[in-house]
Amino acid sequence: MIVLFSVASPGFLSVRGIIVIQLTLVPILLLAVGETFVLMARSFDLSIGSIYILTSVFTALFASQLGPVAILVGPATGAIFGLMNGMVFKFGRIPSFIATLATMIIYQGVAQIVVTGQYYLFATEESFRAIAISFVASVIPLMMVWAMILTVFFIFVALKTKFGRVVYSIGANYEATRFSGINVMKYQLAAFAISGFLAGVAGGLAAAQQGGASALPYPILLPAVAAATIAGTPITGGAGGPHRALLGALMLAVLTTGLNVNAVETNLKTLIFGIVVIIAIYLTTDRRVVHLIK
Amino acid sequence: MNVNSSRLRKRIRDSILILFLVVLVVAFAIGSSGFLRPSNIVSILSNFSVLLILSLGISWVVMAGSLDISQAGIAGLVGILIGLILPVIGYGAIAVGILVGAGFGSLNGLIFTKARIPSFLVTLGTLFVTTGLEKYLAVTAHVLTNGIPIEGRLDAFLPTIPLLNVPRSFSLFYWAAGESILFYMISQKTRFGLRIYAIGSSASSTLLYGINVTGYQVLVFALSGAISAVAGFLYLPYLNTASPTFTDSLTFVTLAAVVLGGTALAGGVGGFHRTVIGALILSIINNGLTVMGLDALALFVVQGVIIIIAAVAVSRGIKTGIIQ
C-alpha cells in the first residue's frame with residue numbers, strides 16, 4: 001500500500017507526508033489499543049469517541065490555569081469515564097453495548113454543556129501545545145512518541161503479564177475464568193478503565209495539537225473500531241491484542257493519508273475505506289482462533 | 001426446570017417490559033400536560049415508526065445470531081438513489097432501490113459465510129461503503145446540503161386517511177405496524193422462522209439436522225438489506241425530501257432498540273415484539289424529555305441515563321446468557 005501511494009503521489013513519502021501520517025495515526029491508535037482491551041474481554045465500548053471529545057474539552061478548559069500539566073487532565077478524566085462505563089455495565093448487569101451507547105450520549109451531552117456559550121475553547125499556550133507538536137529529529141511529533149510508548153507498554157501488558165492473560169481468558173471463556181476463582185469484575189472494570197484512559201490521552205493530545213477543543217461530534221469511533229478489529233482482534237473476545245491494533249491503525253492511517261494526498265473525493269475515500277476494511281479483515285482473521293464466526 | 005415455571009418466567013419477563021413502558025408514560029404524563037395530547041401521541045408514533053422500520057431488518061439478523069450494522073448506510077444510499085432516478089424512470093426507481101438494498105444485504109451474507117469473517121466487521125465495511133457512496137452521489141449531484149425535493153411524487157405510498165386529522169408523516173406508522181405483524185407471524189409460525197431461531201441458538205447443531213445454514217444466513221442478510229432499503233424508500237415521502245444525512249444518526253440507535261427490547265446479541269432469543277417495545281421505549285424517552293421542555297443540552301445526559309435505567313429494568317427479567 002505504501003509503495004502504491006508513493007508511486008501515485010510524490011508528496012506521499014515527503015517529510016510532510018510522513019508527519020501527516022503520524023498525526024492521523026495517533027488518535028486512531030490510542031483509541032484502538034484501548035478498545036482492544038475491552039474486545040479481548042468480550043465486551044464492547046461505543047463511548048470512546050465521546051470520551052475523546054469530552055476529555056479534549058476538559059483539557060482545553062484547564063490548560064490556561066495549569067499550563068503543560070493540563071495534559072494529565074485527559075488521561076485522568078478519561079480513566080474515570082472508562083471506569084464509569086465498566087460500573088454501569090457490571091453493576092447494572094446490562095450488555096456493554098447498551099451501557100456504552102448510553103454513556104456515549106451522556107459524555108457527548110456533557111461536553112456540549114461544558115462548552116456552552118463558546119463554540120471553541122482555546123488553549124494556545126506554547127508550553128502546553130509543545131507537548132504534542134514539538135518535534136523529535138524534526139520528523140516525529142512528540143505526540144507520536146507518547147502514543148508509541150503507551151502502545152508498547154500496553155502490548156507488553158496484554159501479552160506478557162498475568163493481567164493480560166486473565167483478560168484474554170475472560171473473553172475466551174467467561175464462566176471457566178470465574179470458576180477458577182478469579183475476580184472477573186476487577187479485570188473487566190480495568191479493561192474499560194484502560195479504554196477510557198487511552199481515549200483520554202488521545203483527547204488531551206488533540207487539545208494540545210489543535211490548540212483548543214470543540215464539543216462537535218467527531219467521527220472517530222468507527223475508524224477506531226475498524227483499526228482495532230481489522231488486524232485480527234475478534235469482537236467475540238479471547239484473541240488478538242494491542243499489537244494487532246497497532247498494525248490496524250497503521251494501515252488505516254496510511255490509507256487515509258494516501259487518499260488525502262492523492263486528492264480523492266472525501267466520500268469516495270469512505271467507500272474505499274470500507275472495501276479495504278473488508279479485505280484486511282479477510283486477510284487477517286485467524287480462523288483457528290476465532291471459533292465463532294458470528 | 002418444568003414447563004410451567006419456564007412459561008411463568010417468560011410471562012414475567014414480558015410483563016416487566018410492558019410495566020416499564022407504563023411507568024415511563026405515567027411519569028411523562030405527570031411531568032408535562034402536553035405529553036398525552038393527541039398531536040403529541042401522533043408525533044411519538046411517527047418517530048417510533050422511523051426507528052422501527054429500520055430496526056426490523058437487524059432483528060432478523062440478530063435472531064440468527066449475527067450482527068448487521070449497515071442498515072443506516074443502505075437506507076441512506078437507497079434513499080438518495082431513488083431520489084436521483086425517480087424523475088427519470090418513475091416508480092421503477094423504487095424497484096431499483098430495493099434491489100440495490102437486497103444486493104448489498106446479499107453481499108454482506110455472502111462475504112460473511114464464504115470468506116468467514118465476523119458479520120459485525122463485514123457490515124462495518126459495508127456501512128463505510130454505502131455511506132461513502134451515498135455522500136458521493138449527493139456531492140456529485142450538488143444536493144449534499146439541501147437534499148433532493150420529492151414534491152409529493154411518492155405520496156401514494158403514505159396515504160392519508162380522510163377522517164383522521166393527522167399529518168401525512170403519520171402514515172409511516174401503518175407500514176411499521178404492518179411489517180412488524182408480518183415478520184412476527186413469519187418468525188413465530190413458519191418453518192423459516194423456526195430455523196432462523198435454531199441457527200441463532202446453535203448454527204452447528206442446526207447444520208447437523210441437514211439444514212442449509214449458509215443459505216439461510218445469506219437469505220437473512222439479504223432480507224435485512226431489503227428491509228433497510230424499504231425504510232430508506234419510505235423516508236422519502238415521510239420527509240418529502242431525499243436527505244443524504246437523515247439516516248446518519250440512526251446507526252446504533254436501531255441496534256439499541258433491538259437489544260433494549262431484550263433480543264440477546266448472542267442470538268436465538270427475542271423477536272419482533274421485543275424490537276417494537278424497544279423502539280417504543282426509545283421514542284417515548286426522546287419525546288417525553290423534549291415535551292417536558294428540558295434544555296436541549298441536558299437532554300442528551302438525561303436521555304443516556306434513562307436508557308441505562310431502561311436497560312437495567314428490562315434485563316432483570318430476561319435470561320440473556322452471558323452479559324457481554
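A nonpolar core is a set of buried Ala, Val, Leu, Ile, Met, Phe, Trp, Tyr and Cys residues that are joined through side-chain atoms within 4.5 Å. The model on display is a predicted one, and the tour begins with such a core.

**Stop 1: the largest nonpolar core**

Select Leu30(A), Phe37(A), Leu205(A), Trp60(B) and Ile281(B). The largest nonpolar core has 190 residues, and these five touch the most other members. Then centre the view on Leu30(A). With residues up to four places away in sequence not counted, Leu30(A) touches Ala147(A), Leu150(A), Leu198(A), Val201(A), Ala202(A) and Leu205(A). Leu205(A) thus appears both in that list of contacts and among the five residues named for the core.

**Stop 2: a loop and a buried glutamine in chain A**

Next, select Arg42(A), which is placed in the loop between helix H2 (15-40) and helix H3 (48-66) of chain A. Most residues other than glycine have a negative phi. Arg42(A), however, has a positive phi of about 65° although it is not a glycine.

Move on to Gln188(A), in helix H10 (residues 184-210) of chain A. Is this side chain's residue, Gln188(A), buried or exposed? Gln188(A) has a relative accessibility of 3% and therefore counts as buried. Display its surroundings: Ala41(A), Ser43(A), Phe89(A), Lys90(A), Ile170(A) and Tyr174(A) are touched by Gln188(A), not counting residues up to four places away in sequence.

**Stop 3: helices H4 and H5 of chain A**

Phe89(A), a contact of Gln188(A), also leads to the next helix pair. Select helix H4 (residues 73-91) and helix H5 (residues 96-115) of chain A, which pack at an angle of about 140° with their axes 9 Å apart. The two helices, H4(A) and H5(A), are therefore oblique to each other, and their crossing is right-handed. On the side of H4(A), the residues to show are Phe81(A), Met84(A), Asn85(A), Val88(A) and Phe89(A); in H5(A) they meet Ser96(A), Ala99(A), Thr100(A), Thr103(A) and Tyr107(A). This contact of H4(A) with H5(A) consists of six nonpolar, four polar and no charged residues.

**Stop 4: from chain A to chain B**

Now select helix H13 (residues 266-284) of chain A together with helix H5 (residues 119-140) of chain B. They pack at an angle of about 165°, and their axes are 7 Å apart. H13(A) is therefore roughly antiparallel to H5(B). The crossing of this pair, H13(A) and H5(B), is left-handed. H13(A) contributes Asn267(A), Leu268(A), Thr270(A), Leu271(A), Phe273(A), Gly274(A), Ile275(A), Val277(A), Ile278(A) and Ile281(A) to the contact, and H5(B) contributes Leu121(B), Val122(B), Gly125(B), Thr126(B), Phe128(B), Val129(B), Gly132(B), Leu133(B), Lys135(B), Tyr136(B) and Val139(B). By class, the residues of the contact of H13(A) with H5(B) are 14 nonpolar, six polar and one charged.

**Stop 5: along H5 of chain B**

Remain on helix H5 of chain B and select Ala138(B), which is placed there. Ala138(B) has 0% relative accessibility and so counts as buried. Which residues does Ala138(B) contact, leaving aside its neighbours within four places in sequence? They are Ile80(B), Val143(B), Leu144(B) and Pro244(B). For a distance check, the C-alpha atoms of Ala138(B) and Tyr184(B) are separated by 36 Å, and the two residues are 46 apart along the chain.

Arg116(B) is the next selection, in the loop between H4 and H5 of chain B. Its phi is near 55°, a positive value in a residue other than glycine. Arg116(B) counts as partly exposed, at 36% relative accessibility.

**Stop 6: Phe104(B)**

Continue to helix H4 (residues 92-114) of chain B, where Phe104(B) is found. Phe104(B) is buried, with a relative accessible area of 17%. Not counting residues up to four places away in sequence, Phe104(B) touches Ile74(B), Leu77(B), Thr126(B), Val129(B), Thr130(B) and Leu133(B). Among these, Thr126(B), Val129(B) and Leu133(B) also belong to the contact between H5(B) and H13(A). From Phe104(B) to Gly193(B), the C-alpha to C-alpha distance is 22 Å, with their positions 89 residues apart in sequence.

**Stop 7: helices H3 and H9 of chain B**

Finally, select helix H3 (residues 71-89) and helix H9 (residues 213-239) of chain B, whose axes come within 7 Å and cross at roughly 50°. H3(B) is therefore oblique to H9(B), and the crossing is right-handed. Gln71(B), Ile74(B), Ala75(B), Val78(B), Gly79(B), Ile82(B) and Gly83(B) of H3(B) meet Ser224(B), Gly225(B), Ser228(B), Ala229(B), Gly232(B), Phe233(B) and Leu236(B) of H9(B). The contact of H3(B) with H9(B) divides into seven nonpolar, seven polar and no charged residues.

Methods: Residues are numbered from 1 along each chain as its sequence is written. Chains are lettered from A and ligands numbered from 1 in the order in which they are written. This is a predicted model: local features need pLDDT of at least 70, side-chain atom pairs count only at pLDDT 80 or more; totals for chains, interfaces and linings use all residues. Side-chain values use heavy atoms; hydrogens and water are left out. Axes are lines fitted to C-alpha atoms, for helices over the stretch in contact, and angles run from 0 to 180 degrees between N-to-C directions. Helices (H or I, at least four residues) and strands (E, at least two) are DSSP runs, numbered from the N terminus. Angles under 35 degrees count as roughly parallel, over 145 as roughly antiparallel, 65 to 115 as roughly perpendicular and the rest as oblique. A crossing is left-handed if the near helix is turned anticlockwise from the far one by less than a right angle, and right-handed if clockwise. Contact means heavy atoms within 4.5 Å. Ala, Val, Leu, Ile, Met, Phe, Trp, Tyr, Cys and Pro count as nonpolar, Asp, Glu, Lys and Arg as charged, and the others, Gly among them, as polar. Buried means under 20% relative accessible area, exposed over 50%, partly exposed in between (1.4 Å probe, protein chains only).
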